[in-house]
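User: I'm new to this one and would like a close look at a single part of it. Could you walk me through it slowly, in plain words?

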Amino acid sequence: MASMTRARSGTIPSMETSGHEFRDNTLIVVFGASGDLAKKKTYPALFGLYRNGYLPKDVHIVGYARTKMDQEDYHKRTTSYIKNPNNDPEVAAKIEEFKKLSSYVSGGYDDSPSFQNLARHMEAIEKNYQSRGVNRLFYLALPPSVFVPVSKYVKECCYATNGCNRIIVEKPFGKDLESCRVLLSSLKESWEEDETYRIDHYLGKEMVKNLLVLRFANVAMGAAWDKHSISNVQISFKEPFGTEGRGGYFDEFGIIRDILQNHLLQVLSILTMERPVSFASEDIRDEKVKVLRAIPPIKREDVLLGQYVGANGKPGYLDDDTVPKDSVCPTFAATTLWIHNERWEGVPFILKAGKALNEAKVEIRMQFKDVTQGIFKDISRNELVIRIQPSEAVYLKLNAKTPGFAFRAIPTEMDLTYKKRFTDTKIPEAYEALILDAIKGDHSNFVRDDELDVAWKIFTPILHWIDGKEGPRPKPSPYPYGSRGPKELDNFIGKLGYKRAAKEEYWPTTNLSNL
């Protein structure tokens, strides 16, 4: 009897069709190879893909930057953040292999001869390829001030005419609507939209990618996913540390540009979009744009700003030597967004982010409406919480009968904590997932040009207000380092319908004697 192969359950056919995948003859060029982003994120991600066999066959990585350094210094820098805490000899051997497939070229970012030199280095490597066609992936781990000249000279000097080319661009994509449009148009002079991959690493995080499946593969979820059941939604980003000497950069952009306008708005768009025709990249991005277009520009009265001050032995924002002493740049912001469509009309979406807070956490908290009163009194609301980081989890807060003779309702949870449920699985880093998507030619988790445009329309008016372009700059409320944020926060979210549970000591276990 012939053996039968069991079909894999849960497959998503529309997600399995993507663009041209780089399988061999591939060069990956990392611009800004000497910078923090490259050594802390890009190279560790490339190593993770290499170690697990996901990079193309015979791939070669070329680092490029202004810094003068020899190959030994380059390899030391690019592997300094690759983790091997237990000194595993297998990992150490892989790191040595990884060094051998990488080389370095030094040059400028705004002159043609430097890029011609890079092109000669690349062509010398490609001479060893068995077949003629080549693939080139250019990763711009660079500040936006050099995006345009680098993309221009790469196209003029390093573009493969006998193969496939792709370019990955890091945020920020401008500082407001106008600067974003200038940047987009400049990049489009050299690169087609289907060659361009604008990276927002939150789109590579496991729980953000999981939103599509949670929403559209579960009838139980979809049935309550609208204004009839949901009272309010919070998307929160919390960091327990301040600018720590990087205040000069932060003061130029602020917390809204750094976190809300990109990371949290991307999460919001996936959380609220309608069901796409398929999970093909353009179908997903079409629906994200539709829901963002239904959000009007944020009003000033829907904004709470804060700036941390010294407390608990920690310095305040203005104590940072790199920060102007009279700065009113917010290090905390809470904004309320409203979606004017049939599904979400009237539901407040609160995006809040801050530095120097009491914990490190990124989560989505969807609070449902009160149950019909009459048979219950002061009963807790249901909440669906999706923790993006750390310790990825999904849990539903609900009410259940107290165990035993007493007939009383208590809040409890249905808990899916990933490290407990999927004990043998390592969740990939966001940059690993996104670089792999670019290698595969899958745009699903990258930001499209029209998506950027509408995102800036939502935030530009309040950013101009905060920047002092429309009158005096607003003064942020002070909050102590290590606190939950400004004292006005509870009132801000309370007036939007959020009800905080009296006690949350019941999670993850409940001691009945304390009730």
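Which strands does α3 lie across, and at what angle does α3 run to β3? Please start there and then work outwards through the sheet and whatever else is worth a look.

Analyst: Happy to. One thing to keep in mind is that this is a predicted model. To your question: α3 lies across β2 and β3, and its direction is at about 115° to β3. Helix α3 covers residues 71-78, and a loop links it to α4 (89-100).

Now for the sheet itself. β2 and β3 belong to an open sheet of six strands, with parallel pairing and the order β3-β2-β1-β4-β5-β6. The two edge strands are β3 (102-106) and β6, each of which pairs on one side only. Going from one strand to its neighbour, you find an average turn of 20°, direction ignored.

Let's zoom in on one pair in that row. β1 (residues 26-31) and β2 (residues 60-65) run in the parallel sense and share five bridges. If you want a spot to click on, V29 stands opposite V62 in β2. β1 also holds T26. How buried or exposed is T26? T26 has a relative accessible area of 0%, and since buried means under 20%, T26 counts as buried. Leaving aside its neighbours within four places in sequence, T26 is in contact with P56, D58, V59, H60, Y129 and N135.

Next, slide along to the β4, β5 and β6 part of the sheet. Here it is α13 that lies across the strands, namely β4, β5 and β6, and α13 runs at about 150° to β5. Helix α13 (residues 430-440) is mostly covered, with ten of its eleven residues buried. Among those buried residues are Y431, E432, L434, L436 and D437. What do they pack against? The buried residues of α13 pack against β4 (134-140), β5 and β6 (196-199), and also against two helices, α2 (36-51) and α8 (206-216). Just past the end of α13 comes G441, with a positive phi of about 80°.

That brings up backbone details, and a few more deserve a stop. As a rule, most residues other than glycine have a negative phi, and most peptide bonds are trans. Back in the loop after α3, between α3 and α4, sits N87. N87 is not a glycine, yet its phi is positive, at about 50°. N87 is exposed, with a relative accessible area of 62%. Over by β5, the peptide bond from K171 to P172 is cis, with omega near 5°. P172 lies in the loop that runs from β5 (163-170) to α7 (177-188).

Further along the chain, one loop has both kinds of detail. The loop between β12 (383-389) and β13 (393-401) contains P390, and the peptide bond from Q389 to P390 is cis, with omega near -15°. S391 lies in the loop between β12 and β13 too. S391 has a positive phi of about 55° although it is not a glycine. S391 is partly exposed, with a relative accessible area of 26%.

Two other places round off the tour. One is a helix pair: the axes of α5 (residues 112-126) and α6 (residues 147-158) come within 9 Å and cross at roughly 50°. The two helices are therefore oblique to each other, and their crossing is right-handed. The residues making this contact include F115, L118 and M122 of α5, together with V150, Y153 and V154 of α6. By class, the contact has nine nonpolar residues, two polar ones and no charged ones.

The other is strand β7 (residues 230-238), which is mostly covered: nine of its nine residues are buried. β7 pairs with β11 (residues 361-368) in the antiparallel sense over eight bridges, and F237 stands opposite V362 in β11. β7 also pairs with β10 (residues 348-354), this time running parallel, with six bridges between them. In that pairing, I235 stands opposite L351 in β10.

So, back where you began: α3 lies across β2 and β3, while α13 lies across β4, β5 and β6. Pick out those two helices in the view, and you can follow the strands from there.

Methods:
Residues are numbered from 1 along each chain as its sequence is written. This is a predicted model: local features need pLDDT of at least 70, side-chain atom pairs count only at pLDDT 80 or more; totals for chains, interfaces and linings use all residues. Side-chain values use heavy atoms; hydrogens and water are left out. Helices (H or I, at least four residues) and strands (E, at least two) are DSSP runs, numbered from the N terminus. Buried means under 20% relative accessible area, exposed over 50%, partly exposed in between (1.4 Å probe, protein chains only). Contact means heavy atoms within 4.5 Å. Axes are lines fitted to C-alpha atoms, for helices over the stretch in contact, and angles run from 0 to 180 degrees between N-to-C directions. Angles under 35 degrees count as roughly parallel, over 145 as roughly antiparallel, 65 to 115 as roughly perpendicular and the rest as oblique. A crossing is left-handed if the near helix is turned anticlockwise from the far one by less than a right angle, and right-handed if clockwise. Ala, Val, Leu, Ile, Met, Phe, Trp, Tyr, Cys and Pro count as nonpolar, Asp, Glu, Lys and Arg as charged, and the others, Gly among them, as polar. Two strands pair if DSSP finds at least two bridges between them.
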